[in-house]
Amino acid sequence: MITDEQIAALITERKDIPDGLRPMTKMSEWYQHKRKSFEISTESGNEFVIAVRQSCLSVYDFSVILGYKLPRLYTVFRLRRYNGSSHQHTNILERETINGFHIYKATERYQRLTGSKEDHFAEKTDRYYHLESAIECLLVDCGFRSPLDSAPLFMGQP
């Protein structure tokens, strides 16, 4: 169990933008999806993964995921997932259905729910509209900074 406080600390921890993410370099095609992942190590020793996936059939079917590599385990804990608008999602506990672009967020509540994924809770968003803008939102929201600059990123900054 990772607490909400620990989740918040992992998300805001300083991370450098990996090479090839911005702009996105060529992705591998696999089962009608393009995929690419990036590994990030921080000064504290934490290890993160960014996984990017996009359907070859629909530009609105995509995910941009920030995961935390659990120490001493071969498991990635999904902290955030920025999804396209190709499907609808229902937050089980809130009994709320979301259509359109949405951001999944890891929570203690959903970790406690048997059979639920840590990032099952989602919120509708209008902050992005395609894969590249979803990547920008992840970078802004999740503690990423340009390796040449100590200031956090803001939307629109190169």
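**A walk through the chain**

Read from start to end, the protein chain runs α-β-β-β-β-β-β-β-β-β-α-β-α-β. The model is a predicted one. In total, the protein chain has three helices and eleven strands. How compact is the protein chain for its length? Its radius of gyration is 15 Å, close to the 15 Å that the globule rule gives for 158 residues, so the chain is as compact as a globular protein of that length. Along the principal axes, its C-alpha atoms fill a box of roughly 45 × 35 × 30 Å.

Now look at inside and outside. Of the 158 residues, 46% count as buried. The chain exposes about 9,100 Å². Carbon and sulfur atoms supply 52% of that area. Contacts also link distant parts of the sequence. Take the contacts with a separation of 6 or more: residues 24 or more positions apart account for 46% of them. Charges come next. The chain has 21 positive and 21 negative charges, and their mean positions are 4 Å apart.

Turn to strand β4, residues 47-55. Is β4 enclosed or open to the outside? Seven of its nine residues are buried, so β4 is largely enclosed by the rest of the structure. Two strands pair with β4. One is β3, residues 33-41, which runs antiparallel to β4 over nine bridges. Here Ser41 stands opposite Glu47 of β4. The hairpin of β3 and β4 has five residues between the strands. In that hairpin, Gly45 takes a positive phi near 100 degrees.

The other partner is β5, residues 62-69. β4 and β5 are also antiparallel, with seven bridges. Val49 has Gly67 in β5 as its bridge partner. These two strands form a hairpin with six residues between them. In a regular strand, side chains alternate between the two faces of the sheet.

Cys56 sits in the loop between β4 and β5. Is Cys56 buried, exposed or partly exposed? Its relative accessibility is 34%, and buried would mean under 20% while exposed would mean over 50%. Cys56 therefore counts as partly exposed. Beyond its neighbours within four places in sequence, Cys56 is in contact with Glu29, Gln32, His33 and Lys34. Glu136 is another matter: Cys56 and Glu136 are 80 residues apart in sequence and 21 Å apart in space, C-alpha to C-alpha.

Compare another loop residue. Thr107 lies between β9 (102-105) and α2 (108-112). Thr107 has a relative accessible area of 16%, so this residue is buried. Which residues does Thr107 touch? Not counting residues up to four places away in sequence, they are Asp4, Ile7, Glu118 and Phe121.

Finally, check the backbone. Most residues other than glycine have a negative phi, and most peptide bonds are trans. Some places in this chain depart from that pattern. The peptide bond from Arg22 to Pro23 is cis, with omega near 0 degrees. Pro23 is in the loop between β1 (15-16) and β2 (28-30). Gln32 is not a glycine, yet its phi is positive, at about 60 degrees. Gln32 belongs to the loop between β2 and β3, and it is one of the residues in contact with Cys56. Arg95 also has a positive phi, near 55 degrees. Find Arg95 in the loop between β7 (89-91) and β8 (96-98). With a relative accessible area of 77%, Arg95 is exposed.

Technical notes:
Residues are numbered from 1 along each chain as its sequence is written. This is a predicted model: local features need pLDDT of at least 70, side-chain atom pairs count only at pLDDT 80 or more; totals for chains, interfaces and linings use all residues. Side-chain values use heavy atoms; hydrogens and water are left out. Helices (H or I, at least four residues) and strands (E, at least two) are DSSP runs, numbered from the N terminus. The radius of gyration is taken over C-alpha atoms; the globule rule is 2.2 Å times the number of residues to the power 0.38. Buried means under 20% relative accessible area, exposed over 50%, partly exposed in between (1.4 Å probe, protein chains only). Contact means heavy atoms within 4.5 Å. Accessible areas come from the Shrake-Rupley method with a 1.4 Å probe; for residues, only the protein chains shown count as cover. Lys and Arg count as positive and Asp and Glu as negative; His and the chain ends are not counted. The place of a charge is taken as NZ of Lys, CZ of Arg, CG of Asp or CD of Glu. Two strands pair if DSSP finds at least two bridges between them.
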